[in-house]
Amino acid sequence: MAGGRDRRRRVLHELTDRLAEALTGTTGRPDIGQWLGRQLVRHAMTDPQTLAASLRVLRSRLLQDLRIEGSGPAALLPALLDDVVAGFVAALTAHVRDAAEANARDERAAWREHQQQLQDQARSSLHHDPMTGLPNRIRLFGYLDQVLAGKPGSRVAVCQIALDHPSPGGRTPAIGDQDVRNAAARLREIATERDYFVAQVGDEQFVLVSENTTGPDDGIKAAEVALRALAQPTAGHRWSPLRVCVGVVEQAAEGATTAALLRAAKTALHWARADSSASSWALFDASRSDSVARRQRLVDELRAAPATSMDVLYQPILRVHDSAIVGVGASPAWRSAGGTTIEARAMLDLADEAGIRPSVEAVVLRAACAQAARWHDGPFPLFVTVDLSSAHLRKPGFVPSVAALLDASALPPRGLHLAIDDEALRCPTEDVSAALQQLHRLGVVLAANIVGAGQAMLIDTPVQTVNLDPALTRHLVQDAEHYRSATTRTAWLIDMLHDLDFTVAAADVTNLGQYETLHDLDCDRASGSYLARPASSTGIDRLLGR
């Protein structure tokens with residue numbers, strides 16, 4: 001109690017005087033007994049054993065010590081002391097409850113702060129390259145999305161930059177880490193000087209963005225600035241002779257998309273590499289490329305193709321710690337009239353261009369549920385994973401259609417995993433967020449493809465599994481040049497995701513070294529050509545011995 005023993009003695013004298021007033025009938029408070037009990041708690045005199053001992057003394061000596069005589073006070077004293085006890089108990093109960101609620105509030109606030117710190121760390125790790133510190137592809141997607149949405153009446157130029165060693169004999173030596181760091185430092189300098197945005201999108205590739213351009217000449221100017229900067233060594237650093245190629249696209253922001261701009265810049269980069277053995281740039285021109293025309297013919301053919309012409313392939317997914325098959329990833333495959341077979345991600349990209357991706361995904365989803373129901377009904381039940389676009393999530397009636405497929409196939413909801421694309425998690429609209437919550441309540445397991453996930457807030461979604469960016473696993477081989485940085489980053493990311501109770505999966509495992517490293521890093525699941533190639537349902541049956 002604040003004030004110490006003297007303060008406690010004064011309070012007790014005051015309360016004793018009030019008790020005497022109540023016994024002699026000179027107080028105006030009808031609830032004086034309970035009030036006295038509350039005052040004890042208010043002044044931090046909250047030990048029940050001390051109160052009990054005090055009450056025994058008061059019952060035996062109070063009237064005598066205060067020289068209060070008569071039968072009335074003697075009869076009133078027991079009831080009055082009982083009221084003191086009742087007031088004390090009620091006040092102490094309220095005090096304990098309030099203290100518990102305050103502690104719970106503090107614990108919740110600390111938990112929220114910890115979760116926010118983890119989320120901030122995850123966002124920072126996902127948005128920057130660990131070796132150079134430049135924004136990476138994820139951050140680039142978010143930035144371009146904002147530019148195109150915020151300035152529809154303006155123009156924008158995108159330059160994709162690639163580093164190569166000059167190789168007259170046709171053999172291209174590997175680019176060293178120091179070369180990449182030097183290039184990143186020089187590009188960061190010109191980005192600061194000229195208000196460009198620069199990001200690293202691959203081991204030896206960068207993207208430079210110039211806003212508010214006035215025409216193709218501004219895009220070419222940005223490319224030439226980058227070429228001049230990368231032709232000179234950074235002060236204090238060794239600089240290997242490099243061939244630098246730049247693909248340039250410059251166009252109006254209105255009607256453009258991030259994916260289309262980067263695809264055009266990449267196409268122009270291919271032209272620059274093919275057109276010259278020296279450093280050079282190339283400006284994108286859609287009419288120039290035969291490959292563009294061929295792809296457009298494929299898009300048109302796919303758009304007109306019946307759903308029955310598409311196949312569904314299944315790639316086993318292994319549990320890393322014991323290499324047991326626990327699931328399969330379902331993906332579309334299609335053979336064009338010209339004999340070109342297109343599978344998996346390339347097929348979905350083509351379907352995106354044709355504007356029929358939700359229809360293609362519906363074909364895969366229907367077939368996958370039917371097949372997975374057979375594989376799930378056994379001693380070692382398998383789940384099936386299907387990639388899902390935000391356009392499909394936004395379709396009216398999508399969630400009821402999933403529920404109907406599960407009912408028709410008798411597949412338990414947890415046997416279906418839906419892998420959500422980057423757009424759905426980067427800027428989720430209300431209808432997409434509602435669909436994700438409904439799928440979660442239905443019992444379907446949701447996974448996040450973190451490639452290009454932009455401002456994805458995984459903690460605020462019902463996502464349970466995170467599929468790692470394949471670029472993270474590319475260098476998880478001990479003799480790879482970027483092994484150390486890739487392993488450090490991947491280990492940190494897996495640990496952080498496990499702390500947040502996510503299951504972590506890796507795709508595109510192409511060799512034993514990657515798989516062994518993923519095992520050492522405690523990754524939960526893995527798939528890829530090294531483990532098992534995509535196969536028909538019959539092939540999976542044979543693999544399972546059915």
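Q: In this predicted model, where is the place of aspartate 499?
A: Aspartate 499 belongs to helix 17, which spans residues 483-499.

Q: Why is aspartate 499 called exposed?
A: The relative accessible area of aspartate 499 is 56%. Exposed means over 50%, so aspartate 499 is exposed.

Q: What makes Asp495, Asp499, Asp501 and Asp522 a patch of negative charge?
A: Asp counts as negative, and these residues, Asp495, Asp499, Asp501 and Asp522, gather on the surface.

Q: Why is the contact of lysine 151 with glutamate 211 called a salt bridge?
A: The closest N and O atoms of lysine 151 and glutamate 211 are 2.7 Å apart. A salt bridge requires a distance within 4 Å, so the pair qualifies.

Q: Why does this pair, lysine 151 and glutamate 211, tie together parts that are 60 residues apart in sequence?
A: Lysine 151 lies in the loop between helix 5 and strand 1, whereas glutamate 211 lies in strand 3.

Q: Why does arginine 186 count as buried, and glutamate 189 as partly exposed?
A: Buried means under 20%, and arginine 186 has 15% relative accessibility, so it counts as buried. Glutamate 189 has a relative accessible area of 35%; this value lies between the cut-offs of 20% and 50%, so glutamate 189 is partly exposed.

Q: How do you know that arginine 357 is buried?
A: Arginine 357 has 4% relative accessibility. Buried means under 20%, so arginine 357 counts as buried. The side chain of arginine 357 meets that of aspartate 352 in a salt bridge of 3.2 Å, N to O.

Technical notes
Residues are numbered from 1 along each chain as its sequence is written. This is a predicted model: local features need pLDDT of at least 70, side-chain atom pairs count only at pLDDT 80 or more; totals for chains, interfaces and linings use all residues. Side-chain values use heavy atoms; hydrogens and water are left out. Patches are made of residues with over 30% relative accessible area and no salt bridge: like charges are joined within 9 Å, nonpolar side chains (Val, Leu, Ile, Met, Phe, Trp, Tyr) within 5 Å. Accessible areas come from the Shrake-Rupley method with a 1.4 Å probe; for residues, only the protein chains shown count as cover. The place of a charge is taken as NZ of Lys, CZ of Arg, CG of Asp or CD of Glu. Helices (H or I, at least four residues) and strands (E, at least two) are DSSP runs, numbered from the N terminus. Buried means under 20% relative accessible area, exposed over 50%, partly exposed in between (1.4 Å probe, protein chains only).
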